[in-house]
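Here is a colleague's note to read alongside the structure, set out as numbered points. Please keep the sequence and the 3D view open while going through them.

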Amino acid sequence: MKEEIIETIRNTFYLKPGQIKDSTFLEEIAKDSMDIVELVAVLSDKYKVAIEPSKMNRIKTVGDIVEYVIKNKDTRTSNTPIESF
């Protein structure tokens with residue numbers, strides 16, 4: 001599943017294979033906050049995970065987001081990608 005999530009991230013940001021790894025910081029691959037919002041929407045839709053804004057502060061790397069998605073897959077309770085604003 002880890003490779004599938006990384007592939008989703010790679011495709012969202014139009015990156016080439018091998019261009020990202022667990023230690024890649026999201027700020028290195030996201031141009032701005034709208035890219036992060038798009039990534040959250042894509043991951044939320046594909047893996048049915050809600051990403052709380054308070055937890056986004058702790059997600060810094062590709063590995064962090066992969067771990068979060070794996071732990072919280074299928075936990076989204078509404079149709080919105082971001083909950084608890």
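## Notes on the model

At 43% relative accessibility, Glu67 counts as partly exposed.

1. Before anything else, please keep in mind that this is a predicted model. The secondary structure of the chain comes to five helices and zero strands, so that reading along the sequence gives the pattern α-α-α-α-α. Of the 85 residues of the chain, 39% count as buried.

2. Contacts between residues with a separation of 6 or more deserve a look, since 67% of them in this chain join residues 24 or more positions apart.

3. The largest nonpolar core has 22 residues, and those with the most contacts inside it are Ile9, Ile29, Val62 and Ile65. Helices α1, α2, α3 (33-47) and α5 each supply at least two residues of this core, while α5 gives the most to it, with five residues. As a general point, nonpolar side chains in soluble globular proteins tend to be buried together.

4. Which residues does Ile29 touch, not counting residues up to four places away in sequence? The list consists of Ile9, Phe13, Leu15, Ile20, Thr24 and Val62, and Ile9 and Val62 in it are also among the residues with the most contacts inside the largest nonpolar core.

5. Helix α5 spans residues 62-72, and its buried residues are Val62, Gly63, Ile65, Val66, Tyr68 and Val69. What covers these buried residues includes α1, α2, α3 and α4 (53-56). After α5 comes Asp74, whose phi is positive, near 65°.

6. The structure holds six salt bridges, and one of them joins Lys2 and Asp22, with the closest N and O atoms 2.6 Å apart. This pair links distant parts of the chain, because Lys2 lies in helix α1 (residues 2-12) and Asp22 in the loop between α1 and α2 (26-29), 20 residues apart. Both partners are partly exposed, Lys2 with a relative accessible area of 34% and Asp22 with a relative accessible area of 31%.

7. Another salt bridge is formed by Lys71 with Glu67, where the closest N and O atoms are 3.0 Å apart. How many residues separate these two partners within helix α5? They are four residues apart, and therefore separated by about one helical turn. Lys71 is exposed, with a relative accessible area of 61%, whereas Glu67, as stated at the start of this note, is partly exposed.

8. Lys48 also forms a salt bridge, in this case with Asp45, and the closest N and O atoms are 3.9 Å apart, which can be set beside the cut-off of within 4 Å that is used for a salt bridge. At 34% relative accessibility, Lys48 counts as partly exposed. In general, side chains of opposite charge can pair when their charged atoms come close.

9. The largest pocket has a volume of about 160 Å³. Its lining is made up of Phe25, Leu26, Glu27, Ala30, Ile36, Met56, Asn57, Ile59 and Lys60, and by class this lining has six nonpolar, one polar and two charged residues.

Methods. Residues numbered from 1 in each chain as written. Predicted model: local features only at pLDDT ≥ 70, side-chain atom pairs only at ≥ 80, totals over all residues. Heavy atoms only, no water. Salt bridge = Lys/Arg side-chain N within 4 Å of Asp/Glu carboxyl O. Buried < 20%, exposed > 50% of the residue type's maximum accessible area, 1.4 Å probe, protein only. Core = buried A, V, L, I, M, F, W, Y, C linked by side-chain atoms within 4.5 Å. Contact = heavy atoms within 4.5 Å. 1 Å grid on protein atoms, 1.4 Å probe; cavity = no way out; pocket = protein on both sides within 12 Å on 5 of 7 lines; lining within 4 Å. Points joined across faces, edges and corners; volume = space filled by probe spheres on them. Nonpolar A, V, L, I, M, F, W, Y, C, P; charged D, E, K, R; others polar.
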